Amino acid sequence: MLCLRSSIREVSSLKAVLKAAPAAASVLRSKSIDTNYWRGNGEMGTPSLHGDLPKPGFRDEDRKSNWRSQTDAVDRNARQNLPPYMIIGAGSGIVLYIAKYTLYGLALLLGPGRDKYAAAAIEIDLGTIPQGKNAVFTWRGKPLFIRHRTQEEITKAQTSDVSQLRDPQTDAERCQNEKFLICLGVCTHLGCVPIAHAGDWKGYYCPCHGSHYDTCARIMKGPAPLNLEIPKHEFITEDTVIIGKED
């Protein structure tokens with residue numbers, strides 16, 4: 001019974017509040033904020049964050065007056081920038097291309113001439129070449145073979161019958177130091193590069209036309225007319241040689 005009475009009392013209070021609501025709203029509406037600088041938003045008149053700034057006056061006449069055509073494109077940042085960028089890029093490429101070949105020409109002009117390069121000598125440490133191996137170097141634009149021969153290869157080359165060779169040369173004439181064979185890796189037939197440790201004599205073999213050389217780089221079989229060329233060289237020590245040294 002007590003709960004029913006309290007519920008009736010709460011409902012009566014709620015009805016009184018609802019009846020007084022229109023009057024309170026009219027009071028708040030009369031007290032709403034309306035100044036020259038900002039106007040209240042809604043019936044409660046809550047000001048915005050920047051209420052001290054004047055309200056901008058947007059007019060439809062501004063849109064109809066074609067104001068875009070009356071302003072500078074630079075001010076509006078509306079200029080088409082693609083053509084200037086293309087011109088700058090193309091010009092930069094041309095300048096870099098000219099600078100590259102200008103520097104290249106200066107390097108050739110100030111550097112040593114081709115005759116100096118042709119007469120260049122190289123020093124080689126023979127101790128880096130293992131026994132039984134054939135090392136390849138570049139000298140004056142050509143492949144240079146240096147072969148560290150085994151004792152078996154040395155004996156086989158020295159006991160060969162020189163009289164039966166197409167280009168007769170003894171092993172001593174071709175090798176200043178019997179341990180090392182120094183020759184150009186250019187076939188005397190058509191200028192191909194022979195393969196080391198190949199052919200019937202396990203010296204050098206040119207697969208282009210089938211020229212066979214022995215372990216002293218002498219022609220043994222095939223169309224090549226001469227032995228592989230021996231460049232001018234001088235041994236400084238037992239394990240150091242200079243190739244192409246001029247007198």
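Start by selecting Y97 and Y101: both sit in helix 3 (residues 82-110), four residues apart, which is about one turn of the helix. Keep in mind as you click around that this is a predicted model.

Turn on the side chains of these two tyrosines. The ring centres of Y97 and Y101 are 4.9 Å apart and the planes meet at 55 degrees, so this pair is tilted. Stacked would need planes under 30 degrees apart, and edge-to-face over 60. Now add a surface. Y97 counts as exposed, with 55% relative accessibility, while Y101, at 44%, counts as partly exposed.

Next stop: F145 and Y204. The planes of these two rings are at 10 degrees, with the centres 5.2 Å apart, so here the pair is stacked. Zoom out a little to see what the pair links: F145 belongs to strand 3 (residues 142-148) and Y204 to strand 6 (residues 204-206), distant parts of the chain that are 59 residues apart. Are they buried or exposed? Both F145 and Y204 are buried. With this stop, you've seen the full count of two aromatic pairs.

Stay on Y204 and add R147 to the selection. R147 lies over the face of the Y204 ring, 5.3 Å from the ring centre. Then follow R147 to its acidic partner, E153: the two form a salt bridge, with the closest N and O atoms 3.0 Å apart. R147 and E153 are both buried.

That bridge belongs to a set; the count for the model comes to five salt bridges. Two others are worth a look.

Select K179 and E238. Their salt bridge has its closest N and O atoms 3.4 Å apart. K179 is in the loop between helix 6 (171-174) and strand 4 (180-184), and E238 is in the loop between strand 9 (233-237) and strand 10 (240-243), so the pair ties together parts 59 residues apart in sequence. On the surface view, K179 is partly exposed, its relative accessible area being 38%.

For the last stop, pick D200 and K221. What do they form? A salt bridge, with 3.2 Å between the closest N and O atoms. This pair also links distant parts of the chain, 21 residues apart: D200 is in the loop between strand 5 (195-196) and strand 6, and K221 is in strand 8 (residues 219-221). Colour both by accessibility: D200 is partly exposed at 46%, and K221 is partly exposed as well, with a relative accessible area of 42%.

Note on methods: Residues are numbered from 1 along each chain as its sequence is written. This is a predicted model: local features need pLDDT of at least 70, side-chain atom pairs count only at pLDDT 80 or more; totals for chains, interfaces and linings use all residues. Side-chain values use heavy atoms; hydrogens and water are left out. Rings of Phe, Tyr and Trp (its six-membered ring) pair if their centres lie within 6.5 Å; planes under 30 degrees apart count as stacked, over 60 as edge-to-face and the rest as tilted. Helices (H or I, at least four residues) and strands (E, at least two) are DSSP runs, numbered from the N terminus. Buried means under 20% relative accessible area, exposed over 50%, partly exposed in between (1.4 Å probe, protein chains only). A charge sits over a ring if NZ of Lys or CZ of Arg is within 6 Å of the ring centre and within 35 degrees of the ring normal. A salt bridge is a side-chain nitrogen of Lys or Arg within 4 Å of a carboxyl oxygen of Asp or Glu.
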